[in-house]
Amino acid sequence: MIVLSDIKLGNKILVTSALPYVNNVPHLGNLIGSVLSADAFARFMRINGKEVLFVLGTDEHGTTTEVRAMEEGLTPKELVDKYFVIHKNIYDWFETSYDCLGRTSSEANAKITIDIFNDLYKNGFIIENTITQLYSEKSKKFLSDRFVEGECPFCHALGARGDQCDSCGKLLEPNELINPVSKIDGTKPILKETKHLYIDLPKIEPDLMKWYNTTKSKWSNVAVGITEHWLKQGLKERCITRDLEWGIKVPLEGWDNKVFYSWFDAPIGYIGITIESIGDEWKNWWMNQDVTLYQFMGKDNVPFHAIMFPAFLIGTKKDYKLVNYLASTDYLNYEDKKFSKSKNIGVFGNDAKETGICADVWRYYLFRVRPETGDTQFVWDDFGSKVNNELVGNFGNFINRVVSLDEKFFELKKPKGSKKELIESVKPLIEEYKNLFTEARIRDALIKANEISALGNKYLQDKQPWITIKTDEALAAATIAECIDFSKLLAVIYYPFVPKGSEKIWQMLGEKENIVNVGINGAFSGVREETKLTKVGILFEKLEQKSIEEFKQKFSGERK
RNA sequence: AGCGGGGUAGGGCAGCCUGGAGUGCCCGUCGGGCUCAUAACCCGAAGGUCGGUGGUUCAAAUCCACUCCCCGCUACCA
């Protein structure tokens, strides 16, 4: 079936990955949902001839950071500095090709957040409310958010947090809880008056709806589902300030003991990080309607990107770029369980490196089971079988066959006579591959790449150059030449998934020009005749059953 | 209870939004081919009343209604 895409792309593609919360090590589920997906997508758009800006960073404000810092005996600043390095190392190890990497706690982000706030304020979308809030007399501070636990007023589940009941998913205000208890000191908090700022979402809603209705058709199913669930319930004013110290100070007189709620400055962080990285150029991306904006995230992040962030920007009445394609994923579970830091279940970003399995292989499997249409599982046996059969057996082996044949019969020189019939025949599949990527269906695009690669193996099998070499050398030469050209195309289409492997092939083919500059279109031109190939060894190692068993044990959480 | 995900060949999945012959992917089983290749590659076969009932339709795995099961979460976690 031909996959059609109705997405019209401009020449500039802006890509964001949800900003991982800084005070924890991200696990494979976090990575595939946001960072890696955004990376494969950004890489694809580059080889597709687009100008790309890929924005990545860390979300550093909020209550959790304060609590965590307290636990580790650090200041919030020290804590986020420490974890930022950990995050950066993980992204780098996974070959993340970000153009901008930054932090929501930067100066630049504080400035743009305040700018946006001032616009909202000026346009009458900010409301001041005095509310009675829970206050701990023992700790002498207001208890916002997750500092308080109690019974949910809607579903009456116990252990609901102050900002949200995980039981029924409803968003709460902390003072709505029944029988609240302070999580800091265990005391029963008292009610005390405090004032807060709210964003008037109902007032913005009409414009938001207008925009949403023109955009949603391009979003992932889960994103549309979640967004409409929210809209159906009707938007309410939403508090955007907190009684905390760690955060961006509210720029109004008499408000200097309040900071913005981290969910206010976190999405704005995409812009802040861009400014932090490329300065004034940021306007070419975030205030340019010719840009196409793709945002990648896990499904839990959808409301903030589909409703909150667009509402903030619409409320400024300025020409900010709103998301075109909201690419959200479901969850990747671990061997039928959930990833859990405290139970030590699952593979976390820093563990991946220590397995000795290379980043490409991790990337391959994660993209292969990317949760595009429902939750999926990371299963070690499946990891082994998909890597060994698909990545190694199909793609890696094809490349290896070609080099070996060429070495054996033509001393590693590319022979003459490629008819480009294989590469031509595959053009419709390449179009499908491109369309899938354009719709952010990364897993399906990878499956399509595998399909294309398998045709290479079939071609070799059908043409049997190792036999025809004995009777018709020109024919064998043409076959191998054809396969060398095909390798070039494969290197390009696999580049979003396994960049290191692709670059190895590139080196093998003696290509001088950068793989991104050549791109998909350029790859059809093939390899110059007489080119001397360079042997680069095996592209991807197989996973041994024995090590799979070991890893299964090691990450099951049962060992200690 | 609430929220979320799911029930498609022996196992694991995609296909469902946008209805058009059960179409496909990985493993497994059986048979064959090939021997260039990382015990890899290629071809073929067996194996499915697409959880159930009812409806809409010329046509339903796909849309609608009802129903039966399974799983996850509700303690940091996406």
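Select Thr58 first, then Arg103 in β3: the two stand opposite each other. The model you are viewing is predicted. Now show the strands around this pair. Strand β2 covers residues 51-58, and four bridges join β2 to β3. The two strands run parallel.

Stay on β3, residues 100-103, and turn on its side chains. Cys100 and Gly102 point one way. Leu101 and Arg103 point the other way. Which of these four are buried or exposed? All are buried.

**Next stop: the open sheet**

Select β5, β4, β9 and β10. These four strands form an open sheet in the order β5-β4-β9-β10, with antiparallel pairing. Its edge strands are β5 (141-142) and β10 (238-239), and each of these pairs on one side only. Move to the β4 and β5 end. Strand β4 spans residues 126-136, and two bridges join β4 to β5 in an antiparallel run. Pick Tyr135 to find one of the partners: its bridge partner in β5 is Phe142.

**Next stop: RNA strand B**

Select RNA strand B and the protein residues within 4 Å of it. How many residues surround the strand? There are 46. The closest are Asn30, Asp300, Tyr331, Asn397 and Arg401. Colour the surrounding surface by residue class: 12 residues are nonpolar, 20 polar and 14 charged.

Now look from the RNA side. Of the strand B atoms within 4 Å of the protein, 66% belong to sugar or phosphate, and the rest belong to bases.

Which helix gives the most to this surface? Select α12, which supplies 12 residues. α12 runs over 380-410. Add α15 (442-463) and α16 (465-471); like α12, each supplies at least two residues.

Zoom in on three side chains, each with a polar atom facing a sugar or linking oxygen of RNA strand B:

- Ser385: an N or O atom of its side chain is 3.4 Å from such an oxygen.
- Glu390: a polar side-chain atom lies 3.3 Å from such an oxygen.
- Asn400: here the distance from a polar side-chain atom is 3.1 Å.

**Last stop: the whole chain**

Zoom out and select chain A. The chain has 20 helices and 16 strands. Its radius of gyration is 26 Å, close to the 24 Å that the globule rule gives for 560 residues, so chain A is as compact as a globular protein of that length. Along the principal axes, its C-alpha atoms fill a box of roughly 95 × 55 × 40 Å.

Colour by burial: 58% of the 560 residues are buried. Finally, display contacts between residues at least 6 apart in sequence. Of these, 77% join residues at least 24 apart.

Conventions
Residues are numbered from 1 along each chain as its sequence is written. Chains are lettered from A and ligands numbered from 1 in the order in which they are written. This is a predicted model: local features need pLDDT of at least 70, side-chain atom pairs count only at pLDDT 80 or more; totals for chains, interfaces and linings use all residues. Side-chain values use heavy atoms; hydrogens and water are left out. Buried means under 20% relative accessible area, exposed over 50%, partly exposed in between (1.4 Å probe, protein chains only). Two strands pair if DSSP finds at least two bridges between them. A polar contact is a pair of N or O atoms within 3.5 Å; within protein, one must be able to donate a hydrogen and the other to accept it, and residues adjacent in sequence count only if both atoms are side-chain atoms. Ala, Val, Leu, Ile, Met, Phe, Trp, Tyr, Cys and Pro count as nonpolar, Asp, Glu, Lys and Arg as charged, and the others, Gly among them, as polar. The radius of gyration is taken over C-alpha atoms; the globule rule is 2.2 Å times the number of residues to the power 0.38. Contact means heavy atoms within 4.5 Å.
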